[in-house]
Amino acid sequence: MDLKSSEQATRTPLRSTADQGLKIVIVGGFGVGKTTMVRSVSEIRPLSTEETMTRAGVGIDDAGGVQGKSTTTVAFDFGRISLNEQMVLYLFGAPGQERFWFLWDRLFSGTLGAVVLVDTRRLADSWYAIDRLEHHGMPFIVARNHFGGPQYPLQQVRDALSLSEDVPLIDCDARRRDSSKDVLIALVNHLYALSSAREGTP
């Protein structure tokens with residue numbers, strides 16, 4: 001399903017029985033597709049704080065590799081997925097520009113885990129996200145978004161990001177609902193595996 005058809009999909013109202021909320025954050029550099037991922041997978045029309053990029057950002061926001069980008073997130077994106085009758089997953093997409101990084105620590109509050117979205121055209125932009133998550137001790141996975149950058153082998157991407165082998169690294173297309181769902185499932189599976197390991201269960 002492409003982004004356009006995803007946005008036209010039926011939007012599900014929050015069930016009256018929903019009483020458990022789980023929170024995850026999607027982080028990464030400028031223009032890697034965080035807003036696109038939230039839009040593609042959310043069952044509601046996402047809350048978005050995208051604004052048109054202006055000359056005020058010239059020399060401040062590094063648009064190298066994403067010159068066609070005309071809007072940018074200035075606070076966060078918010079979406080929702082109902083997992084069952086009681087449990088709801090809340091998605092927060094963090095802003096990518098360095099001048100908005102001060103918001104990240106607040107977005108991390110109460111978060112179970114995170115997705116670091118990366119673009120091979122701008123891999124270095126992902127280092128801050130990984131560093132902050134490790135600083136907070138927050139579990140995360142890394143998803144390489146197919147936005148037209150060079151398709152290096154995943155192991156080469158892992159080496160470039162200095163990712164340990166226990167951090168899942170997967171491919172995705174943030175424009176596709178099914179692909180974005182697979183990313184979230186991979187994160188949930190990772191969180192479950194970490195929880196089971198702490199409890200000593202097989």
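**Exercise 1.** In this predicted model, work out why strand S7 (residues 140-145) is largely enclosed by the rest of the structure.

*Solution.* Start with burial: six of the six residues of S7 are buried, so the strand is largely enclosed by the rest of the structure. Next, split the residues by direction. Phe140, Val142 and Arg144 point one way, while Ile141, Ala143 and Asn145 point the other way. Buried residues therefore sit on both sides of S7. That split fits the usual pattern: side chains in a regular strand alternate between the two faces of the sheet.

**Exercise 2.** Find which strands pair with S7, and how they run.

*Solution.* Take S6 (residues 113-118) to begin with: five bridges join it to S7, and the two run parallel. For a residue-level anchor, look at Leu117, whose bridge partner in S7 is Ala143. Now trace the connection: the chain leaves S6, passes through helix H4 (residues 127-136) and arrives at S7, making a right-handed β-α-β crossover. Then turn to S8 (residues 169-172), which is joined to S7 by four bridges and also runs parallel to it. Here you can use Asn145 as your marker, since Cys172 in S8 stands opposite that residue.

**Exercise 3.** Place Ser40, decide whether Ser40 is buried or exposed, and name a side chain in polar contact with Ser40.

*Solution.* First, the location: Ser40 belongs to helix H2 (residues 34-41). Second, the accessibility: Ser40 has 0% relative accessibility, so it counts as buried, the cut-off being under 20%. Third, the partner: the Ser40 side chain makes a polar contact of 2.8 Å with the side chain of Ser180.

Methods: Residues are numbered from 1 along each chain as its sequence is written. This is a predicted model: local features need pLDDT of at least 70, side-chain atom pairs count only at pLDDT 80 or more; totals for chains, interfaces and linings use all residues. Side-chain values use heavy atoms; hydrogens and water are left out. Buried means under 20% relative accessible area, exposed over 50%, partly exposed in between (1.4 Å probe, protein chains only). Two strands pair if DSSP finds at least two bridges between them. A crossover is right-handed if, with the strands pointing away from the viewer, the path from the first strand over the helix to the second runs clockwise. A polar contact is a pair of N or O atoms within 3.5 Å; within protein, one must be able to donate a hydrogen and the other to accept it, and residues adjacent in sequence count only if both atoms are side-chain atoms.
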